[in-house]
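Please open the structure in a viewer and colour it by chain. The tour below proceeds by selection, with a short account of what is found at each stop.

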Number of protein chains: 2
Amino acid sequence: MKRLPKRGAYDRETVFKILDEAFVCHVGFVVEGQPFVIPTNFGRSGETLYLHGSAASRMLRTLSQGIPVCVTVTLTDGLVLARSAFHHSVNYRSVVVLGTARLVEDPAEKMEALRLFTEHIMKGRWGDIRWPSEHEMKGTTVLALPLEEVSAKVRTGGPIDDEEDYSLPVWAGVLPLPVVPAEPIADARLKAGTEVPGYMKSYRRG
Amino acid sequence: MKRLPKRGAYDRETVFKILDEAFVCHVGFVVEGQPFVIPTNFGRSGETLYLHGSAASRMLRTLSQGIPVCVTVTLTDGLVLARSAFHHSVNYRSVVVLGTARLVEDPAEKMEALRLFTEHIMKGRWGDIRWPSEHEMKGTTVLALPLEEVSAKVRTGGPIDDEEDYSLPVWAGVLPLPVVPAEPIADARLKAGTEVPGYMKSYRRG
């Protein structure tokens, strides 16, 4: 495990870039010896990762007790096609965060976290929409996980085959699998004359 | 939790379709009370999910002891943009598998699992490539996880806003985020005259 605080600026930036490009993380926790892995959204502010969900969510209630958690974020960039089955692989970038989550109770920090979730999904969105009401705030649990015990793994580039396999007449290389936004689908009840916002037209992950 | 054996053909098909469209799963396991969530490839044959990795992998060694595991597969289909922050969401399809993995020792089952891993990444690939040697087989650990305790979750469609928010002049709808294969990148040492195979040209997930 590579721990963030002990590493240089480059690795910190790599970790942040992976976290900011992804919009779903997988949260691992244990209940009576059974591990659970649940996909969910998240946000980041500096060295804090925020999770949120309904106050009724079992996952949030369990995690807010301060039990060990693992949050993993994975971006898959492409398929690595080698000349042998053995050397087939996937180009990916992943971050694993271990730690204990803290319940966010301060209303200002909680509201800021909710802004981060929205802006994490789509930068610019927060300025357009109706913000959370007091009632919605109460119904939402927000947890903060410090980015202290963090490791990143990255695989890039083409296949690496055994020397004797390079003479095989087999196509080898990488098939990139980018996430490419398609045309926005307007809601059926959209108010007449409402245009697609600029931040959506130029939307890209990463 | 929805358990596969108790459900109808439709749900079984839904689970299989999600598993087959994804090529990375997140494996959750516990070591001394600490959960770990690790991304990895997988394959499927009927009601068995296969995991593999280096025989030296800590994850594989740990799981082959027969401890509880959770394997989660998530496909993200698009961003759901509501008129309020509260109703923002993500369209996704996920499968959660709980159980205990079994070490695959039978050489025929192991080789078939290795075929499945390759074909899961790219259908048609196995017929082109060099198959695993005895040495490679020995260096690979394969685990089988029965698809018995399985649940699926699916969110589709547009945002669902509070009635009073529909009058807001805010664009709302879905931004689809499909995975779209880009042009294949040939390996620098590709044997002259080797063409991109047909199964790659027509490659689509799902």
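The stops run from model confidence, through one sheet, to the contact between the chains.

**Confidence.** The model is predicted, and the predictor gives the complex an ipTM of 0.94 and a pTM of 0.95. Colour chain A by pLDDT: the mean is 93, with 95% of the residues at 70 or more. Then select residues 1-9 of chain A, where pLDDT stays under 50. For this stretch the model has 14 contacts beyond four places in sequence. Where pLDDT is low, predicted coordinates should not be read in detail.

**A sheet in chain B.** Select strands 3, 4, 8 and 7 of chain B, which form an open, antiparallel sheet of four strands in the order 3-4-8-7. Strand 3 (42-45) and strand 7 (102-103) of chain B are the edges; each has a single partner strand, so one side of each lacks a neighbour in the sheet. Next, select strand 4 (residues 48-54) of chain B, which is joined to strand 3 of chain B by four bridges in the antiparallel sense. Within this pair, Ser45(B) is placed opposite Thr48(B) of strand 4.

Add helix 3 (residues 107-121) of chain B, which lies across strand 3, strand 4 and strand 8 (140-146) of that chain. Its direction is at about 115° to strand 3 of chain B.

**The axis.** Show both chains. A turn of 180° with a shift of 0.0 Å along the axis lays chain B on chain A with an RMSD of 0.0 Å. The two copies are therefore related as by a two-fold rotation axis. To locate the axis from chain B, select Val179(B), whose C-alpha is the nearest to it in that chain, at 2.3 Å.

**The interface.** Which elements of chain B should be selected on the side that touches chain A? In total, 76 residues of chain B are in contact with 77 residues of chain A. Two or more residues each come from strand 1 (25-31), strand 2 (34-40), strand 5 (68-81), strand 6 (89-100), helix 3, strand 10 (173-176) and strand 11 (185-186) of chain B. Strand 5 of chain B gives the largest share, eight residues. By type, this side of chain B divides into 50 nonpolar, 16 polar and ten charged residues. Because 100% of the interface residues of chain B are also interface residues in chain A, the copies meet through the same surface.

**Pairing across the chains.** Finally, select strand 11 (residues 185-186) of chain A with strand 10 of chain B; they pair in the antiparallel sense over two bridges. Here Gly173(B), in strand 10 of chain B, is the bridge partner of Ala186(A).

Technical notes. Residues numbered from 1 in each chain as written. Chains lettered and ligands numbered in written order. Predicted model: local features only at pLDDT ≥ 70, side-chain atom pairs only at ≥ 80, totals over all residues. pLDDT = per-residue confidence, 0-100. Contact = placed C-beta atoms within 7 Å. Pairing = 2+ DSSP bridges. Axes fitted to C-alpha atoms, helices over the stretch in contact; angles between N-to-C directions. Least-squares fit on C-alpha atoms with pLDDT ≥ 70 in both. Nonpolar A, V, L, I, M, F, W, Y, C, P; charged D, E, K, R; others polar.
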